[in-house]
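Load the model and keep the selection tool at hand. The tour goes stop by stop, with a selection at each one.

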Amino acid sequence: MGALSVVIITRNEAARIRRCLESVAWADELILVDSGSTDRTEAVCREFTSKVYRREFDTFDRQKNFGLELATGQWILSLDADEVISRPLREELLATLTRDGDGHDGFVLRRENYLCGHPILHAWGRDALVRLVRRGRGRFHGAVHEKLEVDGRVGELKQPLLHFNSDSLQEYIAKNQAYIALEAQRRHQRGERFSIARALLSPLRVFLFRYVRLRGFRDGTMGFILCVLLAFFTFLIHARLWELTQSEAPR
């Protein structure tokens, strides 16, 4: 079986990183890339591995690629601090690695999402990402919603990756502030400018798509709240884009 390296990026994740690390303590190598935590994140990580590195955060893809470059295992599993490998997924991973990936160079993992302890089965749609890759055959691309692109065949594992997004709405809203700023910056850099029409219609489209088209209403009250928040985050991206556009105007 090829050795498995698990790479996790962190920042102030002391409240939940232990759950993640306990779920992958069986891996051959654990690598943590921290971007300046001010809580006990680093201390908790060092209970599981000495391979804890610090790197100033710039973009998500660069942060994760830094971790990929540090890994020495034949296979690399990329996780976030709020994700957990279930026992069934662990068994499937080990069996897959024993067969050296069955001719594949990467694998998609389907995420089972939870928000404030509630399962979200519809509003987020199908959430499946490449997370397992043969060393040297994949790189992350995308400053915000980074994706692991594989040079080779990609398969998919059956058992879900558990994703405990946030334990409270306050935490979820605070987490998305960074994504809003980065997404607005990305759009501005590619030439998009503020439009009142888009700022008005885009949030509405987001809500209708997730609540009606994806049947987010089946996720109950939590689903409704999530769909409203996602629409509001979309509006905030446009508001931030307006601010960036204003900074270009001559004084």
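A patch, as used here, is made of residues with over 30% relative accessible area and no salt bridge, with nonpolar side chains joined within 5 Å. Keep in mind that this is a predicted model.

**Stop 1: the surface patch**

Select L200, L201, L204, L208 and V212. Together they make a nonpolar surface patch of about 470 Å². Now pick L200 alone. L200 sits in helix α6, which covers residues 196–213. Its relative accessible area is 62%, and the cut-off for exposed is over 50%, so L200 counts as exposed. Why can a helix line up side chains like this? An α-helix has 3.6 residues a turn, so residues three or four places apart point the same way.

**Stop 2: past the end of α6**

Move to F217. This residue lies in the loop between α6 and α7 (220–246). F217 is partly exposed, at 43% relative accessible area. Which residues does F217 contact, leaving aside neighbours within four places in sequence? The contacts are Y211 and V212. V212 is also one of the patch residues from the previous stop. Draw a C-alpha distance from F217 to K64: the two are 34 Å apart in space and 153 residues apart in sequence.

**Stop 3: a buried phenylalanine**

Jump to F140, in strand β9. Buried or exposed? F140 is buried, with a relative accessible area of 3%. Repeat the C-alpha distance to K64. This time the result is 6.9 Å, across 76 residues of sequence. Show the surroundings of F140. Beyond four places in sequence, F140 touches D61, K64, N65, L68, S78, E146, K147 and L148.

**Stop 4: helix α3**

Select residues 60–70, helix α3. Its buried residues are F60, D61, Q63, K64, N65, G67 and L68. What do they pack against? The strands are β1 (4–10), β2 (29–34), β4 (75–80), β9 (138–141) and β10 (147–150). Helix α5 (169–189) is packed against them as well.

**Stop 5: a loop histidine**

Go to H122. Its place is in the loop between β7 (118–120) and β8 (128–134). H122 is buried all the same, at 17% relative accessible area. Display its contacts outside four places in sequence: L214, R215, G216, R218 and D219.

**Stop 6: the cysteines**

A disulfide is a covalent bond between the sulfur atoms of two cysteines. How many disulfides are there? The count is zero. Check C45: the nearest cysteine sulfur, that of C20, is 8.8 Å away. C45 is buried, at 1% relative accessibility. Then check C116. Its closest cysteine sulfur is in C227, at 14 Å, which is too far for a bond. C116 counts as partly exposed, at 23% relative accessibility.

**Stop 7: zoom out**

Switch to a cartoon of the whole protein. The secondary structure comes to seven helices and 12 strands. The radius of gyration is 19 Å, close to the 18 Å that the globule rule gives for 251 residues, so the protein is as compact as a globular protein of that length. Along the principal axes, the C-alpha atoms fill a box of roughly 60 × 45 × 35 Å.

Colour by burial next. Buried residues make up 49% of the 251. Add a surface: about 12,900 Å² is exposed, and carbon and sulfur atoms supply 52% of that. Last, draw a contact map. Among contacts with a separation of 6 or more, 73% come from residues 24 or more positions apart.

Technical notes:
Residues numbered from 1 in each chain as written. Predicted model: local features only at pLDDT ≥ 70, side-chain atom pairs only at ≥ 80, totals over all residues. Heavy atoms only, no water. Helix = DSSP H or I, 4+ residues; strand = E, 2+ residues; numbered from the N terminus. Buried < 20%, exposed > 50% of the residue type's maximum accessible area, 1.4 Å probe, protein only. Contact = heavy atoms within 4.5 Å. Disulfide = S-S within 2.5 Å. Patch = residues over 30% accessible without salt bridge, like charges linked within 9 Å, V, L, I, M, F, W, Y side chains within 5 Å. Areas by Shrake-Rupley, 256 points an atom, 1.4 Å probe, with all protein chains shown as cover. Salt bridge = Lys/Arg side-chain N within 4 Å of Asp/Glu carboxyl O. Rg over C-alpha atoms; globule rule 2.2 N^0.38 Å.
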